[in-house]
Amino acid sequence: MTPDTLFQYVPTPATLVKKEKLSDFVTLFTFQPDSGRALMHKPGQFIMLSMYGVGEAPFSVSSPPNASGSTFELAVRRIGNVTNAMHAMKVGQKVGIRGPYGTSFPVQDFVGKDTIFVAGGLGYIPLRSLLHYQLRHRDEFGRIIVMIGCRNPSERIFIDQIKELEARDDVEVYETVDCGDESWCGNVGLITSLLPHVEIDPDITHVAMVGPPVMYKFVIKQCQARGISRENIYVSLERHMKCGIGKCGHCQINGLNACVEGPVFKYHDIQTHPEAI
Ligand SMILES: Cc1cc2nc3c(=O)[nH]c(=O)nc-3n(C[C@H](O)[C@H](O)[C@H](O)COP(=O)(O)OP(=O)(O)OC[C@H]3O[C@@H](n4cnc5c(N)ncnc54)[C@H](O)[C@@H]3O)c2cc1C
Ligand code: FES
């Protein structure tokens, strides 16, 4: 086994170098692999992170490839053992990382095309990697249309970065919350209420979508009604994962291992899999 394959199967140490609160339950973690080597991930891929003595869980890499040297970012919601332990970490503490794993958004297919990003809730986390890649290579891509929805204003994440996107004249941002409050003066409604506001050219539009399972069916229906081909709609499907490398079968979707054959799928390729969407 070469050192490169070892990096894929055995957790290697990384150090927490920065921690930033994004909302009451979500924190952005910046890690530096102790090897000094970059992850070499592609947008949409995930890693397996071990909290020593607690457990291991999959997380999408939220930073774009090789953003700043060899550090990488994960945005993590506090929900159970591993994520609670992560939220209690102090800068300088060690974790184990394996990966990157899984399929990615095929960046080259998006070149010269318009992209609609559809981010429901924490779906913005993996999409941010592709979005920031496109922003860094802005001239290579057509329109960048970002649609973000979450349940209520307190669940919004990356608020300052989204404000910066809104201030740009080469990015179109549409945001909504299911349920507003006194702090919110934006759109109220489901994420499906955003697409009808946007003029699109379906022949050159690609869609990258990540969100809660219930969202996909409705957004895909809308996209198809607007003439976007199922060949150009990409979804990322999260399933319970244990090994991340196609061995344990925990993540199966009608025989597909979501950890290896996904998590990013072309809608065309999974439309006949009833457990997918
Ligand atoms: C490919 C992939 C990428 C992921 N990327 C991210 C990411 O970038 N950020 C992030 O915060 N999470 C991400 N997740 C989800 C994360 O891996 C899980 O939430 C993980 O189980 C947390 O581990 P834990 O030990 O803290 O919680 P657990 O002890 O595993 O879970 C505690 C409880 O929460 C429930 N639960 C776990 N996950 C979820 C969920 N997603 N929705 C609803 N209930 C849940 C469990 O069923 C259990 O009852 C990703 C998952 C996959 C498969
Ligand atoms: S997580 Fe084990 S096969 Fe996918």
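Contact here means that heavy atoms lie within 4.5 Å. The structure is a predicted model, and this briefing describes two sheets in it: an open sheet of 7 strands with mixed pairing, and an open sheet of 6 strands with antiparallel pairing. Thr176, whose place is in strand S9, is in contact with Ile148, Gly149, Cys150, Trp184, Asn187, Val188, Gly189, Leu190, Ile191, Ser193 and Leu194, once its neighbours within four places in sequence are left aside.

**The mixed sheet**

- The strands of this sheet follow the order S10-S9-S8-S7-S11-S12-S15, and its edge strands are S10 (187–188) and S15 (264–266), each of which pairs on one side only.
- Strand S8 (residues 144–150) runs parallel to strand S9 (residues 172–177), to which 6 bridges join it, and in this pairing Cys150 has Val177 of S9 as its bridge partner.
- Helix H4 packs on the sheet, where it touches S7, S8 and S11, and the direction of H4 makes about 155° with that of S7.
- Helix H5 (residues 159–167) also packs on the sheet, touching S8 and S9, and the direction of H5 makes about 135° with that of S9.

**Strand S11 and its partners**

- All 6 of the 6 residues of strand S11 (residues 205–210) are buried, so this strand is largely enclosed by the rest of the structure.
- In a regular strand the side chains alternate between the two faces of the sheet; in S11, Thr205, Val207 and Met209 point one way while His206, Ala208 and Val210 point the other way, and all are buried.
- On one pairing, strand S7 (residues 114–120) runs parallel to S11 and is joined to it by 6 bridges, with Thr115 standing opposite His206.
- S11 also pairs in the parallel sense with strand S12 (residues 233–236), over 3 bridges, and here Val207 stands opposite Ile233.
- Between S11 and S12 the chain crosses through helix H6 (residues 213–225), and this β-α-β crossover is right-handed.

**Thr176 in strand S9**

- Thr176 has a relative accessibility of 1% and therefore counts as buried, the cut-off for that term being under 20%.
- The side chain of Thr176 makes a polar contact with the side chain of Asn187 at 2.8 Å, and a polar atom of the Thr176 side chain lies 2.7 Å from the backbone oxygen of Gly189.

**Nonpolar cores**

- In soluble globular proteins, nonpolar side chains tend to be buried together.
- The largest nonpolar core of this model has 63 residues, and those with the most contacts inside it are Phe105, Ile116, Tyr124, Phe158 and Met209.
- Helix H4 (residues 124–136) gives the most to this core, with 7 residues.
- Phe158 touches Leu22, Leu28, Ser62, Ala75, Tyr124, Ile125 and Arg128, if residues up to four places away in sequence are not counted.
- Another core lies apart from the largest one and has 20 residues, among them Ile47, Leu74, Val95 and Ile97.

**The antiparallel sheet**

- The strands of this sheet follow the order S4-S3-S6-S1-S2-S5, and strands S4 (55–60) and S5 (72–77) stand at the edges with a single partner strand each, so one side of each is left without a neighbour in the sheet.
- On average, neighbouring strands of this sheet are turned by 40° against each other, direction ignored.
- Strand S1 (residues 12–21) and strand S2 (residues 26–33) run antiparallel and are joined by 7 bridges, and within this pair Glu20 stands opposite Leu28 of S2.

Notes:
Residues are numbered from 1 along each chain as its sequence is written. Chains are lettered from A and ligands numbered from 1 in the order in which they are written. This is a predicted model: local features need pLDDT of at least 70, side-chain atom pairs count only at pLDDT 80 or more; totals for chains, interfaces and linings use all residues. Side-chain values use heavy atoms; hydrogens and water are left out. Buried means under 20% relative accessible area, exposed over 50%, partly exposed in between (1.4 Å probe, protein chains only). Helices (H or I, at least four residues) and strands (E, at least two) are DSSP runs, numbered from the N terminus. Two strands pair if DSSP finds at least two bridges between them. A crossover is right-handed if, with the strands pointing away from the viewer, the path from the first strand over the helix to the second runs clockwise. A nonpolar core is a set of buried Ala, Val, Leu, Ile, Met, Phe, Trp, Tyr and Cys residues joined through side-chain atoms within 4.5 Å. Axes are lines fitted to C-alpha atoms, for helices over the stretch in contact, and angles run from 0 to 180 degrees between N-to-C directions. A polar contact is a pair of N or O atoms within 3.5 Å; within protein, one must be able to donate a hydrogen and the other to accept it, and residues adjacent in sequence count only if both atoms are side-chain atoms.
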